[in-house]
Amino acid sequence: MTKSIEAVLAEAEELISRHQYNVAFSNLISLFQQCSQVDIKRLHDPIKEIIGRFMPKKRRMLSEELSSRLGRIEDTKGPADPSKHAVRLHQFINSLEGRFSELSEWHIFQWSTYYRDELKAIMADTVDLLLSNSDPETAFAEVGAAIQEHSREIFTKGFSRVMLQGQATPDAAVAKALGGLRSFLALPVEIYADETSRISEPKGCRALRRATSRMLRGILIGFLDAELGELNAQELLARTAKSWVHVLPLLEQADLNLLDQRMSLSAIAPILGRPLELLAQELDHASAKSSVDAVVVTSTIVNIDDVTIDLTLRPPADSSDTKPLELGILGGGGGLRNQIERRVKLGYIACLTPKPVQDYWKGSFPTKEVKGIVVAMPDEGVNSVGFLLSRLRLRFYENTVVVQPSIPLTTNIAERFPLENPSLMSFFRVDRPSVRALETTLSTRTGVLLWCSVRRSGKTTGVSELASGIAERNAVFQRCEMTGGDKTSRMLFEEVCDALERAAPLPRDFLRSIVARAAPMGVQENRGSILIVDEYDRLFGWLRVMGRRSEDARALVVQPLLDQFVEFATENLLILLGQQPNAHFIFMDQNQLSAYVQQEPYPLFSHEPGSPESEFHELVRRTFQKTLTFDTSFVDALFEETGGHPFLAVNLLRDIVDWLIKRKIIPSETRLTRALYREYAVNELTLGAIGRSAHYKFFRGAASEALSVASIEQGPWLHTAYKLLRHLALSGDPSTSAMSFQSAEEYVDSTLVSSQLSAYTGNSFLASAAESNFIEISDDLVRAKIPLLARISAAVGVAP
């Protein structure tokens, strides 16, 4: 055969859509006669689905030919017993009430643990019912109805409980409800992205999208039905649309219409009206008609200000081109020419616009590329479904000939991992058992726990999810920033800053009041609390600056707050997150808090050599999105260079793919291994190459600032840590960047003098740096925990 089996099947689908049944029939007969049994068995379900589109006579002939090729008669076991399917469906439906009741009663708002696990199990059960032909539509409908009722119940219950707290306000209760809605909506998206990343079979992917659609619709309509005091839930969702509309492109048209009946989506933004409906219609059609290549959404961006929707689909598994399939929906007025041209340059397969292409090029002629992607929205009532499916096929099949597998790599798929766009992280989230394992420890512990790590280590994401999953205690997550997240999560920092500026006496119950008001369900009696303070360095830096500036601020705000931290920690757990383990060393003549602080290591992404199931292996897999193939030796090499640091790991992968593109490698002929990584490292991990690479810009900036003269005063601990990393890269063993503990200790001792870190000795600093993921100590050797960060530190300037 000169074509792959996938190409022949895709060609058959195209011929059937053109009603050329005889040609498609002949091609399939030829395929069955020539193709290996292994390939036919591998794609048995898609083949059966395509056969089902023929008329009865040809359908029977194709089924017999397929059975003959496989050496057996299809369906020899006879039809499955319908009664067994009915019983199974009945049991599933009956289980839904109990499953959601248990979440509501015992695990309400514990999104990252119990909710994620239960929704994942429900989605898996629903897909199994579809694959076993157990009346799946009934199952999908029941899931949607059950989760809608559950959503109504928990948001009503949550709002009521919060308002019963003595210090609660309607604004605070609403902020918690909206935060809960965002977390709840993220779960089906995360599960859909995770499960579809593991499978290629279209039927399973269709089932996952349908289950996801029913869940998202149920969550949103349930929120609309919730009783939120005198507030109107519909008006509330309309005002906060930017925080949830990004999930709408995952809804099937039927679910989108049901939601639109409850709240006018076009009234929120015109792009959410007919343009979004057309997108859902096209996705439904393309998914239903594709039996070979699954239609899988890998990311969505809805910008109601720019009146645009951008959607990314996964490319076919057998294609040599790893570029995702991108689709744009452009609304608004006439100024769309620049938006169209930008998407043409990015290689979009289609842009749906309100008017024909020529209307945007008055006085000139659009290029062939522009004409090729612009599709005018049809008038109301006109059925023109199919533009997406035709372009999906054209993207990889021209004149029914598949793109040849000898085309070199041209797209850096690793750049699609949304390091710079956290709103898309739901599609790329990696489950972290190493973080979830901390839950048992935190459920009973008291005192002050300090977790420090290098920037962008995943601390905020991991610990915020951990907080929402602890059942035994009231967990409160607070960010030390003025923007980002919901207002409830910034309450501590904002109110401390206000108190410092006014130099007003801090109320005696200030901290406990913060915990009570910020807790998702309020503080429940007979349960201890956990207060997690993210970017604590910033809070304590502000306390230090304002306390030095004003004796009133120190006496009336700083000292009472430190005392309240200590009081809180005697019966509860205070967790401090940041970079600098010495940031709490302020006003030590009266600082009781620092004596209670216990620093422990925060886990980076874990990995064992050769493991295909580790957190880090999953991070690499999600970054490549089933486009580039790799083995565990490649993952081992990446882990050795990055230590499991997620941000730098993705940056390294981006740099590697750039190198692969320069080498014009052919994806279908290339497997990423340790040997290939070593070839890359020879020239691309030199200090010069690292200094030039655009992918390390963020950490070059971080290292340069930490190594500057100003940092000696502003951040002496970080200054010393980065100088140590630089020293290890330049003076350590050339192959491992390691040096003896004694040599490292001597270097640190000399650096501590200039850094004015009198609180540390060389020995104690090395221990602190090891617990902060800067270095690791083993066998009397000190080496960089993240060798790539050491190389970056050596590639930038340094203070004398």
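**View 1. The exposed surface of the chain and its charges.** In this predicted model, the chain exposes about 33,900 Å², of which carbon and sulfur atoms supply 50%, with accessible areas taken from the Shrake-Rupley method with a 1.4 Å probe. The chain carries 88 positive and 99 negative side chains, and the centres of these two sets lie 5 Å apart; Lys and Arg count as positive and Asp and Glu as negative, while His and the chain ends are not counted, and each charge is placed at NZ of Lys, CZ of Arg, CG of Asp or CD of Glu. Local features need pLDDT of at least 70 and side-chain atom pairs count only at pLDDT 80 or more, whereas totals for chains, interfaces and linings use all residues. Residues are numbered from 1 along each chain as its sequence is written, and side-chain values use heavy atoms, with hydrogens and water left out.

**View 2. The interior of the chain.** Of the 800 residues in the chain, 56% are buried, a term that means under 20% relative accessible area (1.4 Å probe, protein chains only). Among contacts (heavy atoms within 4.5 Å) between residues at least 6 apart in sequence, 73% join residues at least 24 apart.

**View 3. The surroundings of glutamine 580.** Glutamine 580 sits in the loop between strand E11 (573-578) and strand E12 (597-599), where strands are DSSP runs of E, at least two residues long, numbered from the N terminus. Glutamine 580 counts as buried because its relative accessibility is 16%. Leaving aside residues up to four places away in sequence, glutamine 580 touches Cys452, Tyr536, Asp537, Gly715, Trp717 and Leu718.

Definitions and conventions: Helix = DSSP H or I, 4+ residues; strand = E, 2+ residues; numbered from the N terminus. Buried < 20%, exposed > 50% of the residue type's maximum accessible area, 1.4 Å probe, protein only.
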